[in-house]
Amino acid sequence: MIDSVISSVNCDKLIKMALAEDITSEDVTTNAIIKGYVRGKVQLICKQSGIICGLPVFERAFKLLDPATEVMLYVKDGDEVEKGQLLGEVEGDIRVLLSGERTALNFLQKMSGIATYTRQVAKLLEGSKTRLLDTRKTTPNMRIFEKYAVKVGGGYNHRYNLSDGILLKDNHIGAAGSIKKAVQMAREYAPFVRKIEVEVENLDMCREAVEAGADIIMLDNMTPAQMKEAVALIGGRAQTECSGNVTRENIKNIIDTGVDFVSSGALTHSAPILDLSLKNLHHAED
């Protein structure tokens, strides 16, 4: 779903908001030096090796300013790119190239950084049955772009938002009174096709979640030894997910626990950007 949405006009509202944030009334610098239409061309240069992601959004940022802008791309989302590589060129009204540069690059650098970091983490899970998931720990109004970047990097999407799935966390359980009551109420309210996931913090909670009939049990902030014991206790009666401060540095400790999924907020909230630049702007012939 996210793959198709990212290339559609459904994202236009979010891109327009970003453009409006950067251009409240005018680009005073550009308008001071360029008085009218002048056709120009600028190069998209990779300054750091990684995974490129967000090219349709990058292109759309310029076309929303002027549909006549031409964007020539020499790579596609998911490609490995190298420092110094020419990734594409943008040609059109120089005023558009200058005014749209920062917004277009902000999207592209952020999304490429997430895809690059996700690819690095996903590689550490190769050979195991464990799948890498993202979380809802995303930048406000950037979720569609950030979750797309996780997929491009080789990860999988957890629920998109609160309407997308049932996840009973500690405060939901506290509000309901117990895991058993929370699962029961969720079963009564939700359509039968919805899976119910329960977050647990220890083996006693894990046992209660199994007995309550949870479909997925999230092992939150447990040690690898505790997770291994919990997976054995569950014994295939529910799918298992590990969560809690999972990063590139510690994910190897989880591989041998036998969990089905591992979710990491770091994929979206801690991935550094990939350094990219628009350089060598020059006049172009019409």
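A residue is called buried when its relative accessible area is under 20%, exposed when over 50%, and partly exposed in between (1.4 Å probe, protein chains only). The model is predicted, so that local features need pLDDT of at least 70 and side-chain atom pairs count only at pLDDT 80 or more, while totals for chains, interfaces and linings use all residues. Residues are numbered from 1 along each chain as its sequence is written, and side-chain values use heavy atoms, with hydrogens and water left out.

**Exercise 1.** Determine which residues of β8 are buried on each of its faces.

*Solution.* Start from the extent of the strand: β8 covers residues 196-200, where strands (E, at least two residues) and helices (H or I, at least four) are DSSP runs numbered from the N terminus. Next, recall that side chains in a regular strand alternate between the two faces of the sheet. One side of β8 then carries Ile196, Val198 and Val200, the other carries Glu197 and Glu199, and all of these are buried.

**Exercise 2.** Establish which strands pair with β8, and in what sense.

*Solution.* Pairing requires that DSSP finds at least two bridges between two strands. Strand β7 (residues 166-168) meets this with three bridges to β8 in the parallel sense, and Ile166 stands opposite Ile196. Strand β9 (residues 216-220) also runs parallel to β8, joined to it by four bridges, with Glu197 opposite Ile216.
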